[in-house]
Amino acid sequence: MNKPLIALMLGLPLTTAAVAAPPATSTTALETLLACKAGSDFTEAQVEQAFHAAGLSRDPGSVFEPKGKPVALFGGTVASADVSISRPYKSLHVYLQGVDHQRLARSWGVTTVNDAAETEAPSYLKKIDATHTLHVGAGDDYEGYSAAVTCLIEG
């Protein structure tokens, strides 16, 4: 039985600590970076720290992959991830398995078809502000992912 219910039944005062938010998950920092909020920024070190906290490790090919157990993210699992920082662009990519890219795009309001994407199914983008763009890409069965999420920062 949970503490708020016990306190209510016994007529005890309920403190805010008893109803505090649940603890952050290991993917919280990564999810925050991928949200690509207006004005947000990241360094390569911050992204790498978020990857490690989520359970991703760098492979010799410089991409990050799950080691040990699968990393759950956005209703699927992470196949791989990478970060690229080269003036004037910064980009953070996560490739997912088991996620419908169109459902994911709709859930975030990313509905503009990306005509420049070279994917079999439509890929989508959303211009967040003058420098931030969120991309939700169609999967590539050959590469082993069903959706790709990218936060691109220009400038």
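The exercises below work through a predicted model of a protein chain, each with a solution in steps.

Residues are numbered from 1 along each chain as its sequence is written. In this predicted model, local features need a pLDDT of at least 70 and side-chain atom pairs count only at pLDDT 80 or more, while totals for chains, interfaces and linings use all residues, and side-chain values use heavy atoms, with hydrogens and water left out.

**Exercise 1. Confidence and overall layout**

State where in the protein chain confidence is lowest and where it is highest, and give the order of the elements from the N terminus on.

Solution. Begin with pLDDT, the predictor's confidence in each residue, from 0 to 100. The protein chain has an average of 85, and 85% of the residues score at least 70. Confidence is lowest in helix H1 (residues 3-10), with a mean of 38, and highest in strand E7 (residues 124-127), with 97. Over residues 1-23 the pLDDT is below 50, and this stretch has nine contacts in the model beyond near neighbours in sequence, a contact meaning heavy atoms within 4.5 Å.

Next, list the elements, taking helices (H or I, at least four residues) and strands (E, at least two) as DSSP runs numbered from the N terminus. There are four helices and nine strands, in the order α-α-α-β-β-β-β-β-α-β-β-β-β. Finally, 35% of the 155 residues count as buried, where buried means under 20% relative accessible area, exposed over 50% and partly exposed in between, with a 1.4 Å probe and protein chains only.

**Exercise 2. The disulfide**

Find the disulfide in the structure, and explain which parts of the chain cysteine 36 and cysteine 151 tie together.

Solution. A disulfide is a pair of cysteine sulfur atoms within 2.5 Å, and a search of the whole structure finds one. Its sulfur atoms, from cysteine 36 and cysteine 151, are 2.3 Å apart. The torsion about the S-S bond is about 75 degrees, so the disulfide is right-handed. Because cysteine 36 lies in the loop between H2 and H3 and cysteine 151 in strand E9, the pair ties together parts that are 115 residues apart in sequence.

Then consider the surroundings and the backbone: both cysteine 36 and cysteine 151 are buried, cysteine 36 having a relative accessible area of 0%. Phi of cysteine 36 is near 55 degrees, a positive value in a residue other than glycine.

**Exercise 3. Backbone exceptions**

Locate the cis peptide bond that leads to proline 88, and describe the phi of phenylalanine 74.

Solution. The general background is that most residues other than glycine have a negative phi, and most peptide bonds are trans. The bond from arginine 87 to proline 88 is cis, with omega near 5 degrees, and proline 88 is found in the loop between E4 and E5. Phenylalanine 74, which is not a glycine, has a positive phi of about 55 degrees, and its place is the loop between strand E3 (72-73) and E4.

**Exercise 4. An aromatic pair**

Classify the ring pair formed by phenylalanine 51 and phenylalanine 64.

Solution. Rings of Phe, Tyr and Trp (its six-membered ring) pair if their centres lie within 6.5 Å, and planes under 30 degrees apart count as stacked, over 60 as edge-to-face and the rest as tilted. The rule gives three aromatic pairs. For phenylalanine 51 and phenylalanine 64 the centres are 4.6 Å apart and the planes stand at 50 degrees, so the pair is tilted. Phenylalanine 51 belongs to helix H3 (residues 44-54) and phenylalanine 64 to strand E2 (residues 64-66), 13 residues apart, so that the pair links distant parts of the chain. Both phenylalanine 51 and phenylalanine 64 are buried.

**Exercise 5. Histidine 93**

Decide whether histidine 93 is buried or exposed, and identify the side chains with which histidine 93 makes polar contacts.

Solution. Histidine 93 lies in strand E5 (residues 89-97) and is buried, with a relative accessible area of 17%. A polar contact is a pair of N or O atoms within 3.5 Å; within protein, one must be able to donate a hydrogen and the other to accept it, and residues adjacent in sequence count only if both atoms are side-chain atoms. The side chain of histidine 93 makes such a contact with that of serine 91 at 3.1 Å, and another, of 2.9 Å, with that of threonine 150. Not counting residues up to four places away in sequence, histidine 93 touches several residues, including Phe51, Asp82 and Val149.
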